[in-house]
Amino acid sequence: MARDTIGQTLLVATVLCVVCSVLVASAAVGLRSRQEANKQLDQMKNVLIAAGLFDKKENSADEVNEIFEASIERVLIDLESGAEADSSQVNAETYDQREAARDPKLSQTIESAAELGGIKRREKYSFVYRVKGESGEIEKVVLPIYGKGLWSTVYGFLAVGVDASTVEGITFYEHGETPGLGGEIENPAWTALWKGKTVFNDSGEVVLEVVKGSVNPESAAADHQVDGLSGATITSKGVSQLVHYWMGPHGFGPFLDLLRQSAGGGTSG
Ligand SMILES: Cc1cc2nc3c(=O)[nH]c(=O)nc-3n(C[C@H](O)[C@H](O)[C@H](O)COP(=O)(O)O)c2cc1C
């Protein structure tokens, strides 16, 4: 039988396509759970980095799990009240925060879209991570933050002390900014500049910001300013804006008020 006919060529091409697509589809499905697990591990690692409890870039799943278990308590809060979410309204075990931001039932419009760089909706409930000391007292909290940079939505975590204002650490773990420019938000040398800065002024306004150029250490504003990223003014502005939103009254403001009150009252709840 002749093998170099058009029919034979088409048959071989079709069989090859079917076999390849089955292989690709099964790999995608088979690896999905591992991808999810890696994503979760990456989030846990970044919570620990923001909290100053972990500084290695490479993955060490056992170590991350161990430190996370020992020192972090993840709590789902209602952003509007700042209190723990009512479990009859939302299940913290199955809650997907990114999905929720797109779900009309679990999200709300942002009053002025410019507040968060053009993002129009935000989720009603957010996870927060309490960082506990050896005797179980809350030492700091880690808050998930996100907003628009130049090209992308940037995602990170910001840790503050129990005064609800002193920055304990910040990390950005997902973005599509240009490596070497906006992508420098990931650079540990830059994120280290945030530690010790204050979020609020004496009147309770959010004043923490990324400036253009370098901070003048002599300036009275230096304790709430961070050096800008050179060649990345738009990403820097985006970071200022997202910090302003999430630490303000429409973001974690109510939660931070409660944290301040409980720290002032000498309790750890
Ligand atoms: C290829 C390319 C990639 C860029 N990536 C970024 C970026 O990730 N973030 C950013 O703020 N600006 C980026 N810019 C620069 C902006 O277009 C803009 O010029 C810059 O934000 C101005 O910052 P400067 O005042 O610090 O120079 C990029 C420019 C080019 C040409």
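**Exercise 1. Find the residue that stands opposite Tyr 129 in E5.**

Step 1. Tyr 129 stands opposite Val 142 in E5. Helices (H or I, at least four residues) and strands (E, at least two) are DSSP runs, numbered from the N terminus. This is a predicted model, in which local features need pLDDT of at least 70, side-chain atom pairs count only at pLDDT 80 or more, and totals for chains, interfaces and linings use all residues. Residues are numbered from 1 along each chain as its sequence is written.

Step 2. Now look at the two strands as a pair. Strand E4 covers residues 125-132 and pairs with E5 in the antiparallel sense over 4 bridges; two strands count as paired if DSSP finds at least two bridges between them. Arg 130 also has a bridge partner in E5, namely Val 141.

Step 3. Follow the chain from one strand to the other. E4 and E5 form a hairpin with 5 residues between them, and Gly 136 in the turn has a positive phi of about 90°.

**Exercise 2. Work out which strand pairs with E5 over 9 bridges.**

Step 1. The strand is E6 (residues 153-161), and its pairing with E5 is antiparallel. Here Pro 144 stands opposite Phe 157 in E6.

Step 2. E5 and E6 also form a hairpin, this one with 4 residues between them.

Step 3. Check how enclosed E5 is. A residue is buried if 20 or more other C-beta atoms lie within 10 Å of its own, exposed if 12 or fewer, and partly exposed in between, with C-beta atoms placed from the backbone. In strand E5 (residues 138-148), 9 of the 11 residues are buried, so the strand is largely enclosed by the rest of the structure. E4 is largely enclosed too, because 6 of its 8 residues are buried.

**Exercise 3. Put the strands of the open sheet in order and name those at the edges.**

Step 1. The sheet has 5 strands in the order E1-E4-E5-E6-E7, with antiparallel pairing.

Step 2. Strand E1 (72-78) and strand E7 (167-174) stand at the edges; each has a single partner strand, so one side of each is left without a neighbour in the sheet. Neighbouring strands of this sheet are turned by 25° against each other on average, direction ignored.

Step 3. Add the links at both edges. E1 and E4 pair over 7 bridges, and the bridge partner of Asp 78 in E4 is Tyr 125. At the other edge, 6 bridges join E6 to E7, and Ala 159 has Gly 169 in E7 as its bridge partner.

**Exercise 4. Describe where helix H5 lies and what its buried residues pack against.**

Step 1. Helix H5 (residues 233-247) lies across E5 and E6, running at about 125° to E5. Axes are lines fitted to C-alpha atoms, for helices over the stretch in contact, and angles run from 0 to 180 degrees between N-to-C directions.

Step 2. The buried residues of H5 include Val 239, Leu 242, Tyr 245 and Trp 246. The buried residues of H5 pack against E5, E6, strand E8 (209-210) and helix H6 (253-264). Two residues are in contact if their C-beta atoms, placed from the backbone, lie within 7 Å.

**Exercise 5. Decide whether Val 211 counts as buried, partly exposed or exposed.**

Step 1. Val 211 lies in the loop between E8 and strand E9 (225-226).

Step 2. Val 211 counts as partly exposed because it has 17 C-beta neighbours inside 10 Å.

Step 3. Not counting residues up to four places away in sequence, Val 211 touches Gln 225, Asp 227 and Gly 228. The C-alpha atoms of Val 211 and Ser 240 are separated by 8.4 Å, although the two residues are 29 residues apart along the chain.

**Exercise 6. List residues around the ligand and sort the shell by class.**

Step 1. Among the residues around the ligand are Leu 150, Glu 177, Ser 230 and Thr 235; a residue is near a molecule if its C-beta atom, placed from the backbone, lies within 6 Å of it.

Step 2. The shell has 4 nonpolar, 6 polar and 1 charged residues. Ala, Val, Leu, Ile, Met, Phe, Trp, Tyr, Cys and Pro count as nonpolar, Asp, Glu, Lys and Arg as charged, and the others, Gly among them, as polar.
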